[in-house]
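Trainee: I've got a structure open and I'd like to talk it through. Can we put it up on the screen?

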Amino acid sequence: QVQLVESGGGLVQAGGSLGLSCAASGRTLSTYDMGWYRQAPGKEREFVAAISWSGGSTTYADSVKGRFTISRDNARNTVYLQMNSLKPEDTAIYYCNADLRPSGFSNYWGQGTQVTVSS
């Protein structure tokens, strides 16, 4: 089993910054791609960013490109999301994801952390 625990959410004014962390336990995730997703009230969960197992490749949703940075520390089994120039439309619950299905395991999600951006 894999447990993912997000932290770092909170309330910030528009234009501000927040850093999220996702700590994994139960299995080493250093050989798996990881991602962040978010879900705003009344909307479906959407992709935010992903990072390859080595950290050498990253992908971003157009809506956050240039403002968010995903990174990882495999020694700490942790993935990060640095969010700058936040906008009210970034308000959502942010979820960490580890999709281990290619290896025959499950698709794992954290419990989420709330990010609220005030205008």
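What follows is a chat about the disulfide, the core, a few single residues and the cavity.

Mentor: Keep in mind as we go that this is a predicted model.

Trainee: Okay, disulfide first. How far apart are the sulfur atoms of C22 and C96?

Mentor: There's one disulfide to look for in the structure. A disulfide needs two cysteine sulfur atoms within 2.5 Å. C22 and C96 form that link, and their sulfur atoms are apart by 2.1 Å.

Trainee: And how many residues apart are C22 and C96?

Mentor: The link of C22 and C96 is left-handed, with -80° about the S-S bond. It ties together distant parts of the chain: C22 sits in strand β3 (residues 18-25) and C96 in strand β9 (residues 92-99). Along the sequence, the pair is separated by 74 residues.

Trainee: Are C22 and C96 buried or exposed?

Mentor: Here you need the cut-off: under 20% relative accessible area is one class, over 50% the other. Both cysteines, C22 and C96, come out as buried.

Trainee: Now the core. Which residues touch the most other members of the largest nonpolar core?

Mentor: That core has 31 residues. Strands that each supply at least two of them include β3, β4 (34-39) and β9. The members that touch the most others are L4, L29, W36, L81, M83 and Y94.

Trainee: R38 caught my eye. Is R38 buried or exposed?

Mentor: R38 lies in strand β4. Its relative accessible area is 5%, and the cut-off is under 20%. So R38 is buried.

Trainee: Which side chains does the side chain of R38 meet in polar contacts?

Mentor: One polar contact, of 2.6 Å, is with the side chain of E46. Another, of 2.9 Å, joins R38 to the side chain of Y94. So that you can find them on screen, here are the two partners again: E46 and Y94.

Trainee: Let's try the backbone. What is the phi of N77?

Mentor: Most residues other than glycine have a negative phi. N77, in the loop between β7 and β8, is not a glycine, yet its phi is positive. The value for N77 is about 55°.

Trainee: S85 also has a positive phi. What is the relative accessibility of S85?

Mentor: S85 is found in the loop between β8 and β9. Its phi is about 50°, although it is not a glycine. S85 counts as partly exposed because its relative accessibility is 41%.

Trainee: And V5? How far is V5 from W109 in space, C-alpha to C-alpha?

Mentor: V5 is in strand β1 (residues 3-7), and it is partly exposed, with a relative accessible area of 46%. In sequence, V5 and W109 are 104 residues apart. In space, their C-alpha atoms are apart by 8.7 Å.

Trainee: Last one. What is the volume of the largest cavity?

Mentor: Rolling a probe the size of a water molecule over the atoms shows where empty space is left. The structure holds one cavity of 30 Å³ or more. Residues lining the largest cavity include L29, M34 and N77. Its volume is about 40 Å³.

Note on methods
Residues are numbered from 1 along each chain as its sequence is written. This is a predicted model: local features need pLDDT of at least 70, side-chain atom pairs count only at pLDDT 80 or more; totals for chains, interfaces and linings use all residues. Side-chain values use heavy atoms; hydrogens and water are left out. Helices (H or I, at least four residues) and strands (E, at least two) are DSSP runs, numbered from the N terminus. Buried means under 20% relative accessible area, exposed over 50%, partly exposed in between (1.4 Å probe, protein chains only). A nonpolar core is a set of buried Ala, Val, Leu, Ile, Met, Phe, Trp, Tyr and Cys residues joined through side-chain atoms within 4.5 Å. A polar contact is a pair of N or O atoms within 3.5 Å; within protein, one must be able to donate a hydrogen and the other to accept it, and residues adjacent in sequence count only if both atoms are side-chain atoms. On a 1 Å grid over the protein atoms alone, a cavity is a set of points where a 1.4 Å probe fits but cannot get out, and a pocket is an open set with protein on both sides within 12 Å along at least five of seven lines; lining residues have an atom within 4 Å of a point. Grid points are joined across faces, edges and corners, and a volume is the space filled by probe spheres set on the points.
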